Amino acid sequence: MAAARRVDQPKRKTRTAAERTGRKSNRADALSAAPLGEFKDNFREFLDRALGLAWAANADGGHQLVNRRWVEYTGDLAEGGEGSWRALHPEDSQCMPDTWTALRRAEGPGDFEARLKRLDGVFRWFLFHAEPHRGPDGALVGWYGTATDIEDRKRTQSLHAAEMRTLQMITDGASLTEILNQLCAAIDCQVSPSRTVILLLDPDGKWLWPGAGPKISPEWMRAIAPLPVAPEVGLCGTAACLKTPVIVPDIATEPLWLYEEHRKLALRSGIRAAWSRPILTKDNQVLGTFAVYSPEPGAPSDTDLALTESASHIALLAIQCQRSHEALTRALDDIRKSEEDLRRTTDAIAQAIIVLDPDGKAIYANRVALEYTGLSLEEVRDEGFRKRVFHPDDVERLRAGRESALAGTVPFENEQRARGRDGQYRWFLIQYSPLLDDSGRPIRWYATGTDIEDRKRSENKLRQDERELRQLIDFLPQHVLVLDGDGSVLQANQTLLDYRGSTLEEIQGGPAGAWLRAGMHPDDVERVQTERRAAVAAGVPFELEQRLLAKDGQYRWFLFRCKPVVDDAGRIVRWFATATDIEDRKRAEDRMRNETVVLREDLVRSSMFEEIVGSAPPLRRVLAQVERVASTDSTVLILGETGTGKELIARAIHTRSKRSNRAFVCVNCAALPQSLITSELFGHEKGAFTGAIHRRVGRFESAEGGTLFLDEISELSLETQVALLRVLQEREFNRVGAQRPIAIDVRVLAATNRDLHAAIAEGTFREDLFYRLNVFPIHLPALRDRSGDIPLLVEYLVERYAQKAGKKIRRICKETLELFRGYSWPGNVRELQNVIERAVILCDGDTFSVEASWLGTASPKSSVRGVTLAADIADRERAMIENALREASGRVAGPKGAAAVLGIPRQTLESKMKKLGIVPYLFKQAGGD
């Protein structure tokens, strides 16, 4: 009725108050006198016009009349438009008789709360307001009223109550498990039917462990303990990994359920749908998950999700409070332990430690301080402590400065004498450090006393030593200088002052370095200043030779050795320099240099080929070629088999050249790795490649003005050949990693035991580089081609190795010489050297001999026919190979090469040519002619 009146009220605005009162009274009287049937007819119109859910009932509340909105909400309507309380929740229906009894007893308006089932079967809380209707005699004949949805308010109240209970439990010191179980129970009541579980993340952040879940079966708890944190690993594992809510409307059909046995167990446990929300801190860190399991499939409502979100915040509060409490407990334990450790530590420290209040009064002293002074802690805290312990002179001397420093906040220190229990004073360094509060004011001063008695004595001793050292330096025959970082003279010993005829004040009076420049020889000024400037800029020790003016006006040569002294920051603060008189040494060096030049010329003229033994015509032709080409700067290409002495020929060329007084640098190209050969030849800059920690000078720069011998030139890579060609053409090169080229004056000699024409044909050697190198070719004969030199070589080598081994060999076995003459010597002179050295080592008498088995052939006496047959076969092979080379114009490889003509592999042909000493280049020239 009240609702109906509120709907009709806007239409009666023109009526007076008296009219409204009279009309209301008349209607009430009419309704009071009407039977229930008439009551229904009169109220139905008003009930249907109500905006909300409205109802009417008889006196005992057992028969109900509802409006149209009620029917639309519940879908429950009895025959004839009459309804009943059967849309209420079964639990609330059981309480309904007691509710009506209380209302009748009160005989007035009343309210009660009950759950009403919606058309879709969902129960929601409503507030029912009832107004009594009485007849003319005042007797109760019926009820009418409204029903207002209070579901959100009930949930808010319930959640607030749960939050208050949680806070109360936290305040009361309940365990985290009890708090979380209480929270789960509260959610289970709100989202019914449901079962709630809370999982907590372990410290490693890899596993989730059950923290609460009073309605969860033990079997399911065991199955999810622990649960890995990973995507697509169950509900909570995925939510914790992705840090986002996860909803599974139907576990039976969920495709991302990793563990199939967990799916089956969930369905057996009555879990059909579920949703989980991660418990996140403000900085997005996961502490656990909040999950709700439902026995019916379907997605949760927005209200359920909002409820679980609010519950997760409460759980976060509980977890953080619990962890904060645990952290605080641990911190307090640590503080107590730290205090004990600090006390034990201070007692164990060898220094005396005293703690002062802000005014400087002692309040604590460690074991060392008490044992040294022989005082108790109470005596240390006494006002007269300082006068009893410290020397009276020091107390008065330091009083004002100490009081002023204690008034500030800056650490300070004093040196003073303290008396020990034996009554003796010792020097101590007292260092004061403040402990400041949040406002920056000192609340404690920590004073540490370090015994410096020995240091004080050492300082006194050091002062005495300094005086003695100064006298010693003054007595030194060397000149000693001490300069600052700018080059100004700080100290000079008496020897230097006497030599120059100056005083220390005169030296220090002028600009930096002026005194040194004034005494320097004019011819040395530019050189010395350049070298000194570069060394000082580099900050490394250096030496200089220069002439220094004496007080008699004469110059003498001195060797200056300068060494820097740096501070902790690496800055140069001093330069120590000593000057040694080297005038006599300089004159001796000049005499020796002149004598050496004359001696070298005599040696070169008399024995330029002292290591080249032999007089065979092929060797004499080679030596004649050396004589002709040595005096020029032409590039020489030395060809010959391995072991024929190509390096000796190169050294002979260098010795006879005008570059003989400069360096002879030998490089074996086959011995260098291809990745490093460019750096070895041309050098590199610092940082040019990994491992280049400093600049390196290459072999070309090392041979500047001299000769560079490139042995095994055929082993160079094509890239290096290009760089070498540029050096030969342009007479300049670039270091690896450098920007500017470097001009070079080097004579290049090259050697190889390979056929360069074949290498050119194979594409492994550049033809243009060959022509640059082949300006003056020299072909060294094999040892077998000058067999007449073998006796001379044997005699020379036997004598040299015997002298080296400390043996005396007077004769050489004739059979050995015959054996040497009959052997082909594929290793040439090098092989001969090795055989002779071995024989000398094994020789016991004064006769030199060699076993035939060492050379791989039989003795000449016992196998003359075999040697003849072998020689015949070798001659036949030589003839066949030479004919094939003529036909192929000296070409070895390729479809028209000698190997194809003979029908053998190229490697086999090259091996035979090497063994027989055949040079294909000669046949190419013959074919060309």
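Buried means under 20% relative accessible area and exposed means over 50%, with partly exposed in between. The exercises below apply to a predicted model.

**Exercise 1.** Work out which class, buried, exposed or partly exposed, fits Glu 715 and which fits its salt-bridge partner, and where the two residues lie.

Solution. Start with the pairing: Glu 715 forms a salt bridge with Arg 754, and the closest N and O atoms are 3.9 Å apart. Glu 715 lies in the loop between strand S25 (707-711) and helix H26 (718-730), while Arg 754 lies in the loop between strand S28 (747-752) and helix H27 (756-762), so the pair ties together parts that are 39 residues apart in sequence. Glu 715 has a relative accessibility of 31% and therefore counts as partly exposed; Arg 754, at 34%, also counts as partly exposed.

**Exercise 2.** Find the partner of Arg 556 in a salt bridge, and say which strands the pair links.

Solution. The partner is Asp 581, with the closest N and O atoms 2.7 Å apart. Arg 556 belongs to strand S21 (residues 555-566) and Asp 581 to strand S22 (residues 572-581), so that the pair links distant parts of the chain, 25 residues apart. As for accessibility, Arg 556 is partly exposed at 29%, and Asp 581 is partly exposed at 37%.

**Exercise 3.** Name the residues that form a nonpolar patch on the surface together with Leu 328, and classify Leu 328 itself.

Solution. Leu 328, Leu 332 and Ile 335 make up the patch, with about 270 Å² of accessible area together. Leu 328 is found in helix H11 (residues 302-348), and its relative accessible area of 49% makes Leu 328 partly exposed.

Technical notes: Residues numbered from 1 in each chain as written. Predicted model: local features only at pLDDT ≥ 70, side-chain atom pairs only at ≥ 80, totals over all residues. Heavy atoms only, no water. Patch = residues over 30% accessible without salt bridge, like charges linked within 9 Å, V, L, I, M, F, W, Y side chains within 5 Å. Areas by Shrake-Rupley, 256 points an atom, 1.4 Å probe, with all protein chains shown as cover. Salt bridge = Lys/Arg side-chain N within 4 Å of Asp/Glu carboxyl O. Helix = DSSP H or I, 4+ residues; strand = E, 2+ residues; numbered from the N terminus. Buried < 20%, exposed > 50% of the residue type's maximum accessible area, 1.4 Å probe, protein only.
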